[in-house]
Amino acid sequence: MSNDRPYQTLESLITHADRVWWSLTSEDWLEAFRSHPKIGEKKASDNISTQSQQWSGQEQAGVSSASQDTANSLAELNRGYEQKFGFIFIICATGKTSDEMLAALKERLANDSDTELRLAAAEQAKITELRLKKLLTSA
């Protein structure tokens, strides 16, 4: 990405980032997933920047108002998801309530591994786009 700078517009940057993302291997995707905290948690498994932590917290704001039952269900299903697929549940949480995230988690647990990896990668692509926009509009 940095070798192809400068980008003339935010849209051209986002388009290029998306093209690069979809050209990566599944191992690259899994590495990116590890930089996210689980839905409802504060800490990612990999060390991440303070800015990334802040953005994750903002993006998961819908979980902060979750009922105890919903929070417990999210935690339990997160564990089941990770056991089944070998990576954490990735969802572009911005603007979603805890109940919406829980419903998506339940639905996606029915997927096969290949389908779910592609869905998680698509969610990561959405997160990347949002974060690029945040990065460049807050500069």
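## Exercises on a helical fold

Leaving out residues up to four places away in sequence, I91 touches I39, K96, M101, A104, R108, E123 and I127 (contact means heavy atoms within 4.5 Å). Before you dig in, note that this is a predicted model: local features need pLDDT of at least 70 and side-chain atom pairs count only at pLDDT 80 or more, while totals for chains, interfaces and linings use all residues. Residues are numbered from 1 along each chain as its sequence is written, and side-chain values use heavy atoms, with hydrogens and water left out.

**Exercise 1.** Work out how many helices and strands the protein chain has.

*Solution.*
- Step 1: Go through the DSSP runs from the N terminus (helices are H or I, at least four residues; strands are E, at least two).
- Step 2: You end up with six helices and zero strands, so the pattern along the sequence reads α-α-α-α-α-α.
- Step 3: Now look at contacts with a separation of 6 or more: 67% of them join residues 24 or more positions apart.

**Exercise 2.** Decide whether R19 and N111 are buried or exposed.

*Solution.*
- Step 1: Get your cut-offs straight: buried is under 20% relative accessible area, exposed is over 50%, and partly exposed is in between (1.4 Å probe, protein chains only).
- Step 2: R19 sits in helix α1 (residues 10-23) and has a relative accessible area of 53%, so R19 is exposed. Its C-alpha is 9.9 Å from that of A125, though the two are 106 residues apart in sequence.
- Step 3: N111 is in the loop between α5 and α6, and because its relative accessibility is 19%, N111 counts as buried. Skip its neighbours within four places in sequence, and N111 is in contact with K84, F85, E116 and L119.
- Step 4: For the whole protein chain of 139 residues, 37% are buried.

**Exercise 3.** Sort out how the rings of F33, Y81 and F87 pair up.

*Solution.*
- Step 1: Rings of Phe, Tyr and Trp (its six-membered ring) pair if their centres lie within 6.5 Å; planes under 30 degrees apart are stacked, over 60 edge-to-face, and the rest tilted.
- Step 2: The whole structure has seven aromatic pairs. One of them is F33 with F87: at 5.4 Å centre to centre and 45° between the planes, this pair is tilted.
- Step 3: F33 belongs to α2 (residues 26-33) and F87 to the loop between α4 (68-85) and α5 (98-108), so the pair ties together parts 54 residues apart in sequence. Both F33 and F87 are buried.
- Step 4: Y81 and F87 come out edge-to-face, with 5.7 Å between centres and 85° between planes. Y81 is buried as well.
- Step 5: Ring pairs link F33, Y81, F85, F87 and F89 into a cluster.

**Exercise 4.** Find which element gives the most residues to the largest nonpolar core, then describe how α2 and α6 pack.

*Solution.*
- Step 1: A nonpolar core is a set of buried Ala, Val, Leu, Ile, Met, Phe, Trp, Tyr and Cys residues joined through side-chain atoms within 4.5 Å.
- Step 2: The largest one has 26 residues, and those with the most contacts inside it are W21, F33, I39, Y81, F87, F89 and I91.
- Step 3: α2, α4, α5 and α6 (113-137) each give two or more residues to this core, and α6 gives the most, with five.
- Step 4: α2 and α6 pack at about 55°, their axes 11 Å apart (axes are lines fitted to C-alpha atoms, for helices over the stretch in contact, and angles run from 0 to 180 degrees between N-to-C directions).
- Step 5: Where they meet, α2 brings S26, W29, L30, A32 and F33, and α6 brings L117, R118, A120, A121 and Q124.
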